[in-house]
Amino acid sequence: MAKKKAAADNGDGDNSVAAPVAKVATELQRPSAEVLYADELARLIEADADQPKPLGWQMSPRSVLTFVLGDLANQIAPKFVGRRGFLERCIVSLATNRGLMLIGEPGTAKSYLSELLAAAISGDSTLTIQGSAGTTEDNIKYSWNYALLVSEGPSERSLVPAPLYHGMKNGRLVRFEEITRCPLEVQDTLLSVLSDRVMSIPEMEGDGRSLFARSGFNVIATANTRDRGVNEMSAALKRRFNFETVPIIAAINDEMALVGRESARMLARAGVPVTVSPAIHELLVTTFRELRAGKTEDGKGMEPLSTVLSTAEAVSTACAAGIHAYFYGDGIVKPEHVVHHMVGTVLKDNPDDLKKVRHYFDHVVHKRTGLWQQFYDARHELG
Amino acid sequence: MAVEEHESLLSRLCDTEARVVFFPVRHHSPMCAAMVSKLILDLRPAAVLIEGPSDYNPHLDELRLTHRLPIAIYSYFGDETGRRRGAFYPFCEYSPEWQAMRAAESIKAEVRFIDLPWVDVADIDDMTHRYADAELRRGRYVTLLCERLEVESFDDLWDKLIEAEPILSPHEFLRRVHSFCTNVRVWEDAPRQSDLRREAYMADEIRRAMAEFKGRLLVVTGGFHSSALVQRLETAIDHQPQESELHPSAPDDASTSTPPKITDRGIALTAYTYERLDSLTGYNAGMPNPGFYDHVWQAQSQGKPFGHRPLLAELALSLRERKQVVSTADLIAVETSACTLAALRGRQHVWRSDLVDAVTSALIKDELEFGCVSPFLDAVHRVLRGDKRGQLAEGTRRPPLVIDIRNQLVAAGLEPTNSRNTVELNLLDSNDLAKSRLLHRISVLELAGFNLKGGTDFLSRKDLTRLWETWEIQWRYEYDATCVEAARYGATLAEAAATKLLELAEQHQHEAKVAAELLVTAARADVHGLSDRLLSQLETLIRREPNFLDLAAALGHLLYLFCHDEIFGTARNPRIGAVAIEAFHRALWLLESLGTTGDERKLIAAMRALQETYERGSDRLELNRDEYVAVLTRVEQAADKLPSLRGAAAGMLWTLGESTSERILERLLLFANAEHLGDFLNGLFALAREVAQRNPQLVQAIDQLLLEFASEEFQSALPSLRLAFTYFTPREKHYMLKTLFDSLGLSDLKPLTELAVDEETAAMALVFEERLFAAVERYGLNQAEGGVAT
């Protein structure tokens with residue numbers, strides 16, 4: 001999601017804003033935010049050189065907000081759709097002595113937001129720990145170059161720093177992705193680091209034994225709500241984070257615009273000259289929103305699906321429908337293509353969900369007119 | 001409007017030297033309140049004209065009594081169609097209107113309300129909170145200004161511009177508010193009819209006051225009206241074109257041309273609460289968080305700088321009372337976040353939204369689900385809301401409700417006396433029914449001294465052969481107090497009861513069943529004329545209700561009211577019908593998604609409610625037969641549903657004629673094991689009693705299955721089988737057995753022969769026999785035995 005959205009915004013925005021981006025973007029498959037928006041960052045840093053900033057930050061909290069939400073008057077592209085109050089809270093959390101935990105449904109651009117914040121505050125979004133069942137303490141803190149360790153003993157030369165070490169040493173933000181996928185004991189590595197801001201390296205001697213964090217260090221963790229329960233977080237660690245729920249895009253028009261933009265871009269990249277009509281987008285986004293919320297737009301209740309129905313999933317469904325229509329159809333995306341590809345994206349492996357979607361077709365889609373009728377007629381595609 | 005014109009209008013509005021000075025307010029703004037009393041003391045005007053209901057002018061003295069605020073002026077009326085409506089003009093300590101009155105009193109200036117009475121504009125303006133901010137909230141200007149000033153909403157915008165400004169000179173204040181309000185007005189597409197009508201009236205009142213008083217006049221109105229009033233009073237253009245707007249003849253406003261005639265009207269003071277003030281939403285919303293602004297006002301009026309700490313302390317206490325863990329470290333985190341947020345937002349003090357955001361950020365450790373209330377946020381909102389409750393001073397005219405209750409009780413001869421009075425009512429008698437309705441309304445309002453001791457239970461509907469009630473009435477000390485307290489619910493008993501019921505329904509936000517029970521209560525108290533809102537509330541709840549059993553119970557109540565009711569007058573009420581349809585379809589959906597557990601007895605009762613709704617209602621309600629049949633068929637076939645539920649669905653289909661006895665027999669074979677047979681039959685018989693007893697094959701098939709059961713299996717199946725057959729009366733059972741015996745060729749139907757030995761011996765013999773046969777089987781002897789036999 002993050003990747004797609006980042007690129008979309010510069011494609012969509014003012015040309016002069018996007019100009020420096022195009023060059024870098026062609027060389028790298030996915031440049032990081034600080035490279036992609038180097039120009040914007042430089043201008044913002046210059047503009048508030050004399051503003052008070054939290055220690056170790058490269059720009060003031062206000063400029064961070066401007067960077068994320070955009071300011072068209074100063075040619076700063078908007079990058080994230082969200083409420084101002086929510087972002088203010090996130091930024092303020094990072095300035096305090098607690099870490100920031102972004103939680104939310106998958107596909108709500110949590111990682112993208114953490115990348116933007118790290119790029120704006122520290123100028124570096126690459127100090128990233130990817131949480132998984134296989135993450136160990138070595139991946140988080142540091143490990144050793146064993147050849148050097150054997151020949152020279154423990155020293156800074158033989159130590160191989162991991163992102164947390166880097167972040168503490170240089171006063172940077174560290175991103176911890178999908179923290180709840182790590183086993184509990186690995187998560188708790190962060191405890192002393194977050195409360196005392198010190199990492200002890202017992203192998204070293206003298207001053208090297210403790211690494212004290214420089215100002216500017218903090219942790220942004222992300223966790224998705226569907227994975228909670230895989231590994232809960234300990235209460236002690238929870239206490240050291242401020243939690244912020246990243247909401248799903250609230251306004252249907254914003255979401256439709258985003259899906260339209262994204263799917264068009266992905267189709268263009270795939271070399272498929274098909275445009276998905278706005279009516280199809282409306283159909284798709286409405287269906288996704290209704291199934292996700294368990295409520296129709298006019299307020300009738302349904303059972304929400306157990307699978308994730310993020311904006312990102314809607315984009316990939318639209319895109320798949322476009323490719324399908326181009327190669328196996330007459331190049332016009334029709335409701336049946338959408339139904340066909342909903343099976344793959346929406347239904348995944350849960351038979352209960354199929355039942356719910358069928359019910360949705362019988363009770364909600366059936367009663368609507370226009371394209372919805374074609375949508376209904378294609379329900380046999382659901383299997 | 002040209003720029004110069006706009007500028008000259010603004011400088012006129014801000015001119016405090018003029019004969020008529022216009023003071024703009026946002027209702028319930030402490031800053032406006034402070035400024036208006038300062039200005040009155042400075043200017044010493046001859047009269048202060050306030051945007052308040054002019055029909056209250058004769059009673060202005062009442063406002064000078066020592067009330068405990070918040071209180072409200074309550075304006076109400078009834079029209080020829082029998083509809084009763086009311087609207088509030090609430091005042092808090094920090095209301096600019098209230099402070100203007102206090103300041104005017106202190107310099108002995110005349111005070112006058114100049115707004116058009118609400119009754120005269122109610123036909124085109126239905127807002128019940130007359131000091132709301134709807135006109136300031138809507139419109140593009142506010143949206144754009146919010147974006148420009150980097151705030152989220154109108155309330156934050158107002159805080160940023162006015163309330164949270166530490167030093168604002170009176171002149172700067174006037175300029176900001178006038179210019180903001182004038183811009184809102186200029187950007188609006190077309191002013192509303194009701195505003196035009198009110199402004200014309202206010203302009204006339206100001207002209208009258210100009211003629212009457214010699215000195216300076218101060219006009220205190222909503223800032224939205226100030227510019228319009230200046231233009232009406234002072235521009236050269238004559239007002240004829242605008243006056244014509246007073247009598248609109250637009251065809252789409254047909255209702256406005258001939259509003260129903262007002263039959264009675266009144267205006268009185270009533271006690272109010274911060275809770276009520278804060279609960280208003282949408283266009284009826286005024287300034288939020290009265291507790292917070294009260295706190296701001298208190299600090300301001302004591303000359304102290306505003307500090308958020310006391311609020312934070314109150315919050316910590318309230319959270320700990322709710323058993324939420326809030327450590328000192330947490331409070332430090334909240335405090336730091338709040339201060340940092342305030343700094344980020346360019347403020348010197350921690351303000352309203354900073355507190356809310358700091359708590360959200362530092363205390364909530366879980367995802368915030370959309371539309372769910374977190375206990376932390378709830379506590380913050382409660383602290384910001386405040387808990388002040390108003391009280392009217394001694395000697396105030398009694399609220400209309402109290403008079404209404406007394407009159408009705410006297411008329412019915414049901415006044416509470418010192419001795420206990422027991423009243424027995426027969427609900428089929430129209431006099432008694434009227435009394436019962438009166439008493440039910442009173443009991444909804446929880447007035448002390450009225451108790452329902454017994455009577456027909458309309459919720460379980462077990463015995464409807466006699467419709468009666470017994471009440472106990474006795475005067476109690478709290479009676480008067482509870483009457484006055486209830487006055488906030490409305491001016492008449494019927495209205496108050498309806499409002500109270502609605503409030504109850506809102507407290508049970510998640511339970512459709514409770515809401516449906518309230519509907520029955522509403523019917524008993526005969527407030528269904530006013531219960532439209534209750535019904536729409538119920539409709540929303542039904543759409544959200546996740547529990548099949550509760551929903552079916554709600555459906556049962558609705559069906560009773562719609563089809564079977566004899567006395568409440570709700571039968572065939574189309575609104576109830578519509579909600580019943582909604583409930584029916586929602587129940588079908590929930591039925592389909594039911595899991596594999598559940599109380600079977602309740603499930604079967606719920607299925608019967610569905611069946612009954614379809615049978616009784618299908619001719620009068622638009623129930624979709626195809627859907628009904630399709631859902632039942634799927635449930636009947638679903639392997640993951642409980643046998644009793646599948647049996648019930650099979651029975652319902654059979655009764656509907658959508659299933660044949662062959663298919664039922666086929667199904668029966670599916671459940672041909674000891675564990676499930678009884679459950680399946682239980683469901684089947686409960687829902688298809690009629691058809692089942694007319695089908696002798698069914699009994700034969702069951703007999704066949706039972707014969708194939710081993711003795712142990714039979715015993716484990718026995719309890720549920722016995723339960724299943726209790727659905728039939730003895731005569732029906734006799735008939736079924738007779739057909740079975742006939743088909744088996746057993747003609748003599750007589751009681752079983754008496755055993756020659758006692759039960760214990762017989763049981764022992766059975767056990768022995770059982771073991772013998774088991775041994776025979778184990779050694780493969782039965783084959784040989786068969787061989788010998790042949």
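Two residues are in contact if their C-beta atoms, placed from the backbone, lie within 7 Å. Keep that cut-off at hand for the exercises below, and remember that this is a predicted model.

**Exercise 1. The side of chain B that touches chain A**

Task: Find how many residues of chain B are in contact with chain A, and work out which helix gives the most to that side.

Solution:
- Step 1. Start with the pairs that meet the cut-off: 26 residues of chain B are in contact with 27 residues of chain A.
- Step 2. Next, place them on helices. At least two residues each come from α15 (328-344), α16 (352-363), α23 (532-544) and α25 (574-592) of chain B.
- Step 3. Now pick the main contributor: α15(B) gives the most, with 6 residues.
- Step 4. Finally, sort the chain B side by class, which yields 8 nonpolar, 8 polar and 10 charged residues.

**Exercise 2. Two helices from that side**

Task: Describe how α15(B) and α16(B) cross, and say which residues make the contact.

Solution:
- Step 1. Two packed helices are described by the angle between their axes and the distance between the axes.
- Step 2. For α15(B) and α16(B), the axes come within 8 Å and cross at roughly 135 degrees.
- Step 3. That angle makes α15(B) oblique to α16(B).
- Step 4. As for handedness, α15(B) passes α16(B) in a right-handed crossing.
- Step 5. On α15(B), the contact uses Asp330(B), Ala333(B), Val334(B), Ser337(B), Ala338(B), Leu341(B) and Ala342(B). Its partners on α16(B) include Leu355(B), Val359(B) and Leu363(B).
- Step 6. Sorted by class, this contact has 10 nonpolar, 2 polar and 3 charged residues.

**Exercise 3. A second helix pair in chain B**

Task: Decide how α26(B) and α30(B) are oriented to each other.

Solution:
- Step 1. The axes of α26 (residues 600-617) and α30 (residues 674-687) of chain B come within 10 Å and cross at roughly 30 degrees.
- Step 2. Angles under 35 degrees count as roughly parallel, so α26(B) and α30(B) are roughly parallel to each other.
- Step 3. The crossing of α26(B) past α30(B) is right-handed.
- Step 4. From α26(B), the contact takes Glu600(B), Ile604(B), Met607(B), Arg608(B) and Gln611(B). From α30(B) come Asp679(B), Gly683(B), Ala686(B) and Leu687(B).
- Step 5. By class, these residues divide into 4 nonpolar, 2 polar and 3 charged.

**Exercise 4. Ala314(A) and its helix**

Task: Is Ala314(A) buried or exposed, and which residues is it in contact with beyond its sequence neighbours?

Solution:
- Step 1. Locate the residue: Ala314(A) is found in helix α16 of chain A. This helix spans residues 311-328 and reaches 26 Å from its first C-alpha to its last, close to the 26 Å expected.
- Step 2. Count C-beta neighbours. A residue is buried if 20 or more other C-beta atoms lie within 10 Å of its own; Ala314(A) has 28 and so counts as buried.
- Step 3. Check the rest of α16(A): the buried residues also include Val315(A), Cys319(A) and Ala325(A).
- Step 4. Leaving aside neighbours within four places in sequence, Ala314(A) is in contact with Val259(A), Leu284(A), Val285(A) and Phe288(A).

**Exercise 5. An enclosed helix in chain A**

Task: Work out why α6(A) is described as largely enclosed.

Solution:
- Step 1. Helix α6 (residues 84-95) of chain A has 12 residues and reaches 17 Å, close to the 16 Å expected.
- Step 2. Buried residues in α6(A) include Gly85(A), Glu88(A), Arg89(A), Ile91(A) and Leu94(A).
- Step 3. Because 9 of the 12 residues are buried, α6(A) is largely enclosed by the rest of the structure.

Notes: Residues are numbered from 1 along each chain as its sequence is written. Chains are lettered from A and ligands numbered from 1 in the order in which they are written. This is a predicted model: local features need pLDDT of at least 70, side-chain atom pairs count only at pLDDT 80 or more; totals for chains, interfaces and linings use all residues. Helices (H or I, at least four residues) and strands (E, at least two) are DSSP runs, numbered from the N terminus. The expected span of a helix is 1.5 Å times one less than its number of residues. Ala, Val, Leu, Ile, Met, Phe, Trp, Tyr, Cys and Pro count as nonpolar, Asp, Glu, Lys and Arg as charged, and the others, Gly among them, as polar. Axes are lines fitted to C-alpha atoms, for helices over the stretch in contact, and angles run from 0 to 180 degrees between N-to-C directions. Angles under 35 degrees count as roughly parallel, over 145 as roughly antiparallel, 65 to 115 as roughly perpendicular and the rest as oblique. A crossing is left-handed if the near helix is turned anticlockwise from the far one by less than a right angle, and right-handed if clockwise.
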